[in-house]
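Please take a moment to look over the sequence and the model, and then follow the paragraphs below as they move from the surface to pairs of rings and pairs of charges.

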Amino acid sequence: MKGIIYIVFIFSTSTVLLGQSKIQYQADTAVVKVQNNESIRYLWKISDDRPVLFKQNNTKVSNDSSIYFAKRNIMESFGSVKIKDDSTTITSDLMLYDGNRRTAQLRKNVVYNNGERWMYTELLDYNIEMEIATYSNGGKLVDTTNTLTSSFGVFYSLQNYAVFTQNVKLISPDFVLESDTLRYNTVTKVAYTDGPTIITTEDGTELFSKGGEFRTYIDQSQFIKGNVETEDYILQGEELFFDDLRKYYRSTGKVKLTAKQRDVIITGEEGYYDRASGQSVIYGNPVMKRIMETDTFYLAADTLVAIESKYDTAKRILAYPDIRIFKSNLQGLADSSAYFRSDSIIFMYGDPLLWTNKNQIRADTIELQLKEQTIEKMVLHQDAFLINQDTLGNHNQIKGRNMTTYFRENMIDNIEVDGNGESIFYILDEGDSLLVGMNRLLCSDMKLRFSNNDIETITVYKQPEGRIIPPHELSETDEALTGYSWLYDNRPYLKDIFSKPQPIDRSRERGSSRPSTPQRPKNDPYESPGNTERFRSGGGRGLKGKGGF
């Protein structure tokens with residue numbers, strides 16, 4: 001062909017040395033072309049142990065065959081390509097090597113090795129002087145600890161640093177991290193993310209964040225505005241700390257723990273999840289909220305603990321100390337409580353107190369049963385005591401070994417007293433404005449029925465004993481059952497749920513003198529319009545019983 005000159009060299013060993021800046025090559029067979037004033041040399045190997053070799057400075061390359069463009073100082077290599085410099089080895093099926101720019105474009109089955117780091121891809125661009133390896137069509141980086149995959153990746157060998165973008169996945173021995181952007185230190189094994197990040201631990205726990213620092217080598221991470229998803233809960237916070245070695249996750253700043261299967265939310269200032277024990281602990285003014293049909297049930301304490309279990313009946317939320325409970329028609333105090341999620345039962349311990357409208361309830365232990373977003377039943381275990389305030393400020397009192405209170409439409413429907421029943425009821429005239437007398441009663445059991453939170457009827461059982469005392473014969477000892485204490489002033493308001501509790505004023509503890517009518521604040525939130533809550537026992541109305549009453 002015109003303008004093209006072919007020169008064929010066949011030799012056992014031949015080396016052509018070009019200038020220091022030029023590529024030096026060695027091959028068993030070479031064909032030289034001259035095209036467009038450029039010398040083009042085709043190089044082949046004869047056997048597997050005699051590959052084509054070329055080098056430039058400290059970079060050495062071997063392959064099955066090459067095409068060298070002398071004028072542009074470019075080498076195209078094919079088959080069993082291997083490029084090696086001081087610290088890096090790269091293999092591939094194809095390569096375009098630019099001797100002037102000191103870059104290599106490697107294609108198909110690319111394997112990059114730098115010390116204990118390996119990278120796998122189908123397309124890799126390598127800057128030899130800067131020791132920067134880049135892939136843009138999917139790749140994987142593997143070191144002694146982790147495996148990272150992504151659509152795009154850049155590894156800076158001199159800085160021991162890598163950047164990955166799009167569909168990033170970091171697989172460590174104990175968890176999998178997924179993100180859109182990730183920076184990774186290959187020496188410290190610390191990963192940094194700047195966008196939405198998901199971590200899935202080996203037991204299925206999921207963590208979500210908007211970015212952070214993840215120490216994969218020691219299984220510790222610090223990230224921001226994220227959440228931890230466990231089997232039963234989602235733990236959120238402004239900052240989260242993840243220690244997978246100890247199975248521990250800490251959250252700070254606007255902490256929120258949400259139950260997945262029920263309308264239960266716990267908020268606080270700090271919290272942590274201990275995966276080994278299955279416990280989430282929230283503190284710093286924590287509050288539990290249970291969304292009910294037309295209301296919200298609040299429970300606050302110094303510390304709230306949500307406990308997971310493989311058994312549904314053992315899943316519970318513990319609260320201690322200084323319990324405060326608020327619902328529009330129910331408020332309470334206690335030292336500690338336990339909420340069993342499977343059957344929606346709340347136990348209150350440590351001298352618990354409850355108030356519902358003008359009723360005060362007390363016992364050694366109080367059990368609240370919630371059903372279909374409402375309070376269905378309340379059981380008072382041991383030394384049950386109920387005080388009902390009438391329109392004149394008198395305190396009707398009922399006590400017994402145990403009591404069961406049933407609710408209907410969020411109001412007391414009836415109360416059953418089981419064992420050691422005692423009561424004091426003030427009898428008012430028809431207008432509920434004048435005290436007629438006081439009925440003091442002893443019996444084994446009794447049942448009280450309510451209407452609009454007013455006591456309508458009382459039924460007593462098993463040989464009741466009682467007497468009616470006229471007002472002028474009443475003494476202080478007549479007007480208080482043993483164990484009486486009126487603590488209305490300690491009844492919590494909604495604002496008390498979100499603040500530190502005040503010490504209980506026990507100036508009216510058991511056995512105190514006749515109670516005075518408490519001063520209600522204006523616009524009392526506990527007072528329902530039109531709800532008089534009278535004790536309807538005046539003139540013998542509403543009092544039924546066996547044995548003459």
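Lys84 has a relative accessibility of 43%, and it therefore counts as partly exposed, since that class lies between the limit for buried, under 20%, and the limit for exposed, over 50%. In this predicted model, Lys84 is found in strand E7, which covers residues 74–84. On the surface, Lys84 gathers with Lys55, Lys60 and Lys82 in a patch of positive charge.

From this patch we can turn to the aromatic rings, for which a search of the whole structure finds 8 pairs. One of them joins Phe54 and Tyr97, whose ring centres are 5.5 Å apart and whose planes stand at 65°, so the pair is described as edge-to-face. This pair links distant parts of the chain, because Phe54 belongs to strand E4 (residues 52–56) while Tyr97 belongs to strand E8 (residues 88–98), with their positions 43 residues apart in the numbering. Are these two partners buried or exposed? Phe54 is buried, with a relative accessible area of 3%, and Tyr97 is likewise buried, at 0% relative accessibility.

Another arrangement is seen with Phe347 and Tyr349, where the ring centres lie 6.2 Å apart and the planes meet at 10°, so that this pair is stacked. Tyr349 has a relative accessible area of 33%, and is thus partly exposed. Elsewhere, ring pairs link Tyr112, Tyr126 and Phe155 into a cluster.

The next topic is charge. Side chains of opposite charge can pair when their charged atoms come close. How many salt bridges does a search of the whole structure find? The search finds 17 salt bridges, among them the one in which the side chains of Lys315 and Asp232 meet, at 3.3 Å from N to O. Lys315 lies in the loop between strand E28 (303–307) and strand E29 (316–320), whereas Asp232 lies in the loop between strand E21 (220–229) and strand E22 (233–243), so this salt bridge ties together parts that are 83 residues apart in sequence. Lys315, at 9% relative accessibility, counts as buried, and Asp232 is buried as well, with a relative accessible area of 3%. The two residues also take part in a network of salt bridges, in which Asp232, Asp312, Lys315 and Arg341 are linked.

A further salt bridge is formed where the side chains of Glu416 and Lys447 meet, with a distance of 3.9 Å from N to O. Here too the pair links distant parts of the chain, for Glu416 sits in strand E39 (residues 411–428) and Lys447 in strand E40 (residues 435–451), and the two are 31 residues apart. Glu416 is partly exposed, with a relative accessible area of 32%.

Finally, Arg467 forms a salt bridge with Asp478, and the closest N and O atoms of this pair are 3.4 Å apart. Arg467 lies in strand E42 (residues 465–469) and Asp478 in the loop between E42 and helix H1 (494–497), so the salt bridge ties together parts that are 11 residues apart in sequence. The partners fall into separate classes of accessibility, because Arg467 has a relative accessible area of 46% and is partly exposed, while Asp478, with a relative accessible area of 11%, is buried.

How values were computed: Residues are numbered from 1 along each chain as its sequence is written. This is a predicted model: local features need pLDDT of at least 70, side-chain atom pairs count only at pLDDT 80 or more; totals for chains, interfaces and linings use all residues. Side-chain values use heavy atoms; hydrogens and water are left out. Patches are made of residues with over 30% relative accessible area and no salt bridge: like charges are joined within 9 Å, nonpolar side chains (Val, Leu, Ile, Met, Phe, Trp, Tyr) within 5 Å. Accessible areas come from the Shrake-Rupley method with a 1.4 Å probe; for residues, only the protein chains shown count as cover. A salt bridge is a side-chain nitrogen of Lys or Arg within 4 Å of a carboxyl oxygen of Asp or Glu. Lys and Arg count as positive and Asp and Glu as negative; His and the chain ends are not counted. The place of a charge is taken as NZ of Lys, CZ of Arg, CG of Asp or CD of Glu. Helices (H or I, at least four residues) and strands (E, at least two) are DSSP runs, numbered from the N terminus. Buried means under 20% relative accessible area, exposed over 50%, partly exposed in between (1.4 Å probe, protein chains only). Rings of Phe, Tyr and Trp (its six-membered ring) pair if their centres lie within 6.5 Å; planes under 30 degrees apart count as stacked, over 60 as edge-to-face and the rest as tilted.
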